[in-house]
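Biologist: Before I rely on any label attached to this model, I would like to hear the reasoning behind it. Could you take me through the terms one by one?

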Amino acid sequence: MKARFVVGPPGTGKTHKWIVKRYKKLLKEYGPENIILLSHTNEAVRQLLTAVMKIKDAEGKTLEEKGHDEDFFEDRICTLHHYCKHKLMRREVFTEKNNKDFNNLCRENTGFRLSKEKTIKKHPFFKFMTHSRGNGKTIKEYWYDENTEPQEYYPYNVDLLINLNGTYENYKRKHGLYDFADMINEFNLIHSNKENPNSKESTIEALIIDEAQDSNVPQMVAIGKMAK
(Lines give C-alpha, C1' and ligand atoms only; values in the text may rest on other atoms or scores of the structure.)
Protein backbone atom coordinates (compact mmCIF):
# COMPACT_ATOMS: atom_id res chain seq x y z
CA MET A 1 0.00 0.00 0.00
CA LYS A 2 1.36 3.40 -0.95
CA ALA A 3 1.79 6.08 1.71
CA ARG A 4 -1.01 8.63 1.79
CA PHE A 5 -0.81 12.24 2.95
CA VAL A 6 -4.01 14.06 3.83
CA VAL A 7 -3.72 17.76 4.62
CA GLY A 8 -6.00 19.52 7.09
CA PRO A 9 -5.97 21.19 10.52
CA PRO A 10 -6.64 19.24 13.75
CA GLY A 11 -10.24 18.22 14.36
CA THR A 12 -11.33 18.06 10.72
CA GLY A 13 -11.74 14.29 10.76
CA LYS A 14 -8.81 13.36 8.49
CA THR A 15 -7.90 10.21 10.39
CA HIS A 16 -11.42 9.02 11.09
CA LYS A 17 -12.54 9.50 7.49
CA TRP A 18 -9.58 7.46 6.25
CA ILE A 19 -10.11 4.74 8.89
CA VAL A 20 -13.82 4.35 8.10
CA LYS A 21 -12.99 4.15 4.38
CA ARG A 22 -10.39 1.46 5.14
CA TYR A 23 -12.87 -0.43 7.34
CA LYS A 24 -15.44 -0.38 4.54
CA LYS A 25 -12.88 -1.79 2.12
CA LEU A 26 -11.94 -4.57 4.55
CA LEU A 27 -15.60 -5.58 4.82
CA LYS A 28 -15.36 -6.91 1.25
CA GLU A 29 -12.90 -9.55 2.49
CA TYR A 30 -13.74 -9.99 6.19
CA GLY A 31 -16.93 -9.99 8.21
CA PRO A 32 -17.32 -7.30 10.92
CA GLU A 33 -16.80 -10.02 13.54
CA ASN A 34 -13.23 -10.47 12.27
CA ILE A 35 -12.18 -6.79 12.16
CA ILE A 36 -10.76 -5.15 15.28
CA LEU A 37 -10.61 -1.34 15.41
CA LEU A 38 -8.83 0.19 18.40
CA SER A 39 -8.29 3.78 19.52
CA HIS A 40 -6.83 5.48 22.59
CA THR A 41 -9.82 7.42 23.92
CA ASN A 42 -13.46 6.65 24.58
CA GLU A 43 -14.52 9.73 22.59
CA ALA A 44 -12.60 8.60 19.51
CA VAL A 45 -14.12 5.12 19.85
CA ARG A 46 -17.61 6.61 20.09
CA GLN A 47 -17.13 8.61 16.88
CA LEU A 48 -15.65 5.67 14.99
CA LEU A 49 -18.38 3.30 16.18
CA THR A 50 -21.11 5.70 15.07
CA ALA A 51 -19.52 6.03 11.63
CA VAL A 52 -18.88 2.31 11.15
CA MET A 53 -22.43 1.34 12.10
CA LYS A 54 -23.68 3.60 9.29
CA ILE A 55 -21.57 1.89 6.60
CA LYS A 56 -23.85 0.49 3.88
CA ASP A 57 -23.43 -2.76 1.99
CA ALA A 58 -24.14 -3.40 -1.69
CA GLU A 59 -27.86 -3.66 -0.89
CA GLY A 60 -27.89 -0.25 0.77
CA LYS A 61 -28.29 -1.61 4.32
CA THR A 62 -26.17 -0.29 7.17
CA LEU A 63 -24.34 -2.59 9.56
CA GLU A 64 -26.72 -1.43 12.27
CA GLU A 65 -29.75 -2.36 10.15
CA LYS A 66 -28.21 -5.79 9.61
CA GLY A 67 -28.26 -6.41 13.36
CA HIS A 68 -24.76 -5.31 14.34
CA ASP A 69 -25.54 -3.11 17.33
CA GLU A 70 -23.29 -1.50 19.96
CA ASP A 71 -23.16 -4.71 22.00
CA PHE A 72 -21.82 -6.57 18.97
CA PHE A 73 -18.99 -4.04 18.57
CA GLU A 74 -18.25 -3.67 22.31
CA ASP A 75 -15.04 -5.72 22.15
CA ARG A 76 -14.34 -5.12 18.45
CA ILE A 77 -14.38 -1.31 18.27
CA CYS A 78 -12.97 -0.12 21.56
CA THR A 79 -9.94 1.36 23.30
CA LEU A 80 -6.68 -0.54 23.36
CA HIS A 81 -7.02 -0.90 27.13
CA HIS A 82 -10.56 -2.25 26.85
CA TYR A 83 -9.49 -4.89 24.35
CA CYS A 84 -6.65 -6.06 26.58
CA LYS A 85 -8.94 -6.03 29.62
CA HIS A 86 -11.53 -8.07 27.70
CA LYS A 87 -8.91 -10.81 27.26
CA LEU A 88 -8.08 -10.89 30.98
CA MET A 89 -9.92 -11.66 34.19
CA ARG A 90 -12.57 -9.04 34.79
CA ARG A 91 -11.53 -7.18 37.90
CA GLU A 92 -12.18 -3.67 39.18
CA VAL A 93 -9.93 -0.92 37.86
CA PHE A 94 -7.90 1.29 40.20
CA THR A 95 -8.71 4.74 38.85
CA GLU A 96 -9.13 8.27 40.08
CA LYS A 97 -12.81 8.05 39.13
CA ASN A 98 -13.14 5.84 42.18
CA ASN A 99 -11.62 8.09 44.86
CA LYS A 100 -12.44 5.54 47.55
CA ASP A 101 -9.54 3.31 46.48
CA PHE A 102 -7.14 6.23 46.22
CA ASN A 103 -8.14 7.62 49.62
CA ASN A 104 -7.91 4.19 51.27
CA LEU A 105 -4.44 3.68 49.85
CA CYS A 106 -3.34 7.06 51.24
CA ARG A 107 -4.75 6.22 54.66
CA GLU A 108 -2.99 2.86 54.74
CA ASN A 109 0.40 4.40 53.90
CA THR A 110 1.21 8.02 54.78
CA GLY A 111 3.92 8.10 52.12
CA PHE A 112 1.24 8.80 49.54
CA ARG A 113 0.25 11.93 51.46
CA LEU A 114 3.52 13.71 50.74
CA SER A 115 1.75 15.36 47.83
CA LYS A 116 -1.00 17.94 48.16
CA GLU A 117 -2.49 16.68 44.91
CA LYS A 118 -5.75 14.81 45.36
CA THR A 119 -5.98 13.17 41.94
CA ILE A 120 -4.01 10.19 40.70
CA LYS A 121 -2.82 11.79 37.45
CA LYS A 122 -1.23 14.76 39.25
CA HIS A 123 0.15 12.78 42.17
CA PRO A 124 3.98 12.56 41.76
CA PHE A 125 4.11 8.82 42.47
CA PHE A 126 1.45 7.89 39.89
CA LYS A 127 2.86 10.37 37.39
CA PHE A 128 6.28 8.76 37.71
CA MET A 129 4.91 5.22 37.43
CA THR A 130 2.92 6.18 34.32
CA HIS A 131 6.05 7.62 32.70
CA SER A 132 8.38 4.76 33.65
CA ARG A 133 5.97 1.99 32.66
CA GLY A 134 5.03 3.84 29.48
CA ASN A 135 8.69 3.90 28.48
CA GLY A 136 9.06 0.22 29.28
CA LYS A 137 11.57 0.88 32.07
CA THR A 138 11.91 -0.16 35.70
CA ILE A 139 11.77 2.48 38.43
CA LYS A 140 15.57 2.71 38.68
CA GLU A 141 16.09 2.66 34.91
CA TYR A 142 13.70 5.55 34.39
CA TRP A 143 14.85 7.54 37.45
CA TYR A 144 18.46 7.50 36.22
CA ASP A 145 17.57 8.02 32.57
CA GLU A 146 19.29 11.12 31.18
CA ASN A 147 15.94 12.49 29.98
CA THR A 148 14.24 12.19 33.39
CA GLU A 149 13.87 15.33 35.50
CA PRO A 150 13.66 14.15 39.14
CA GLN A 151 12.32 17.50 40.35
CA GLU A 152 9.12 16.78 38.44
CA TYR A 153 8.37 14.07 41.02
CA TYR A 154 9.27 16.02 44.17
CA PRO A 155 9.27 15.16 47.08
CA TYR A 156 9.92 11.53 46.06
CA ASN A 157 13.30 9.91 45.53
CA VAL A 158 14.05 6.59 43.89
CA ASP A 159 14.12 4.59 47.14
CA LEU A 160 10.78 5.98 48.30
CA LEU A 161 9.23 5.32 44.91
CA ILE A 162 10.34 1.68 45.07
CA ASN A 163 8.88 1.27 48.58
CA LEU A 164 5.59 2.94 47.67
CA ASN A 165 5.30 0.85 44.52
CA GLY A 166 5.53 -2.28 46.66
CA THR A 167 2.74 -0.95 48.86
CA TYR A 168 0.67 -0.06 45.79
CA GLU A 169 1.09 -3.50 44.19
CA ASN A 170 0.16 -5.22 47.47
CA TYR A 171 -2.92 -3.03 47.81
CA LYS A 172 -4.10 -3.99 44.32
CA ARG A 173 -3.59 -7.69 44.97
CA LYS A 174 -5.33 -7.50 48.34
CA HIS A 175 -8.41 -5.78 46.91
CA GLY A 176 -8.52 -7.52 43.51
CA LEU A 177 -7.70 -4.36 41.54
CA TYR A 178 -5.61 -3.54 38.52
CA ASP A 179 -4.72 -0.31 36.75
CA PHE A 180 -4.57 0.60 33.06
CA ALA A 181 -0.89 -0.32 32.73
CA ASP A 182 -1.64 -3.76 34.21
CA MET A 183 -4.15 -4.40 31.42
CA ILE A 184 -1.48 -3.98 28.76
CA ASN A 185 1.32 -5.72 30.65
CA GLU A 186 -0.76 -8.78 31.57
CA PHE A 187 -1.98 -9.06 27.98
CA ASN A 188 1.64 -9.04 26.81
CA LEU A 189 2.61 -11.62 29.42
CA ILE A 190 -0.20 -13.99 28.46
CA HIS A 191 0.73 -13.76 24.79
CA SER A 192 4.48 -14.17 25.27
CA ASN A 193 4.87 -16.91 27.88
CA LYS A 194 4.57 -20.15 25.92
CA GLU A 195 4.61 -22.18 29.14
CA ASN A 196 1.58 -20.30 30.44
CA PRO A 197 -1.57 -22.44 29.95
CA ASN A 198 -3.41 -19.22 29.03
CA SER A 199 -0.86 -18.35 26.35
CA LYS A 200 -2.45 -17.89 22.95
CA GLU A 201 -1.71 -16.60 19.48
CA SER A 202 -3.70 -13.69 18.14
CA THR A 203 -6.77 -14.70 16.13
CA ILE A 204 -7.38 -11.22 14.70
CA GLU A 205 -7.77 -11.26 10.92
CA ALA A 206 -7.83 -7.51 10.33
CA LEU A 207 -6.52 -4.92 12.80
CA ILE A 208 -6.81 -1.13 12.60
CA ILE A 209 -5.13 1.13 15.17
CA ASP A 210 -6.26 4.75 15.34
CA GLU A 211 -3.43 7.21 16.19
CA ALA A 212 -0.94 4.36 16.58
CA GLN A 213 1.92 6.84 16.91
CA ASP A 214 0.53 7.87 20.32
CA SER A 215 1.08 4.36 21.72
CA ASN A 216 3.72 3.93 24.41
CA VAL A 217 6.27 1.10 24.55
CA PRO A 218 4.10 -1.62 26.22
CA GLN A 219 1.15 -0.67 24.01
CA MET A 220 3.26 -1.10 20.87
CA VAL A 221 4.34 -4.52 22.14
CA ALA A 222 0.66 -5.44 22.60
CA ILE A 223 -0.21 -4.17 19.13
CA GLY A 224 2.61 -6.28 17.70
CA LYS A 225 1.21 -9.38 19.39
CA MET A 226 -2.29 -8.61 18.11
CA ALA A 227 -0.97 -8.11 14.58
CA LYS A 228 0.51 -11.61 14.31
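The exchange below sets computed values against the cut-offs that give each label.

Modeller: Please keep in mind throughout that this is a predicted model. As a frame, the chain has ten helices and five strands, and 39% of its 228 residues count as buried.

Biologist: Why is Asp101 called buried or exposed, whichever it is?

Modeller: The relative accessible area of Asp101 is 5%, and buried means under 20%, so Asp101 is classed as buried. Asp101 is found in helix H5, and, leaving aside residues up to four places away in sequence, Asp101 touches Phe94, Tyr171 and Leu177.

Biologist: And what makes Lys56 buried or exposed?

Modeller: For Lys56 the relative accessible area is 51%, and the exposed class begins over 50%, so Lys56 is counted as exposed. Lys56 sits in the loop between helix H2 (42–53) and helix H3 (70–73), and belongs to a surface patch of positive charge together with Lys17, Lys21, Lys24, Lys25 and Lys28.

Biologist: How do you know that Arg46 and Glu43 meet in a salt bridge?

Modeller: Their side chains come to 2.7 Å, N to O, and the criterion asks for a side-chain nitrogen of Lys or Arg within 4 Å of a carboxyl oxygen of Asp or Glu, so the pair qualifies. Both residues lie in helix H2, three residues apart, which is about one turn of the helix.

Biologist: Why are Arg46 and Glu43 placed in the class they have for accessibility?

Modeller: Arg46 has a relative accessible area of 46% and Glu43 one of 40%; partly exposed covers what lies between under 20% and over 50%, so each of the two is partly exposed.

Biologist: What makes the contact of Asp179 with Arg133 a salt bridge, and which parts of the chain does the pair tie together?

Modeller: The closest N and O atoms of Asp179 and Arg133 are 3.1 Å apart, and the limit is within 4 Å, so the label holds. Asp179 lies in the loop between strand E4 (177–178) and helix H9 (180–190) and Arg133 in helix H6, so the pair ties together parts 46 residues apart in sequence. Both Asp179 and Arg133 are buried.

Biologist: Which residues are linked with Arg133 in a network of salt bridges?

Modeller: Glu169, Lys172, Asp179 and Asp182 are linked with Arg133 in that network. The side chains of Asp182 and Arg133, for instance, meet at 2.6 Å, N to O.

Note on methods
Residues are numbered from 1 along each chain as its sequence is written. This is a predicted model: local features need pLDDT of at least 70, side-chain atom pairs count only at pLDDT 80 or more; totals for chains, interfaces and linings use all residues. Side-chain values use heavy atoms; hydrogens and water are left out. Patches are made of residues with over 30% relative accessible area and no salt bridge: like charges are joined within 9 Å, nonpolar side chains (Val, Leu, Ile, Met, Phe, Trp, Tyr) within 5 Å. Accessible areas come from the Shrake-Rupley method with a 1.4 Å probe; for residues, only the protein chains shown count as cover. Lys and Arg count as positive and Asp and Glu as negative; His and the chain ends are not counted. The place of a charge is taken as NZ of Lys, CZ of Arg, CG of Asp or CD of Glu. Helices (H or I, at least four residues) and strands (E, at least two) are DSSP runs, numbered from the N terminus. Buried means under 20% relative accessible area, exposed over 50%, partly exposed in between (1.4 Å probe, protein chains only). Contact means heavy atoms within 4.5 Å.
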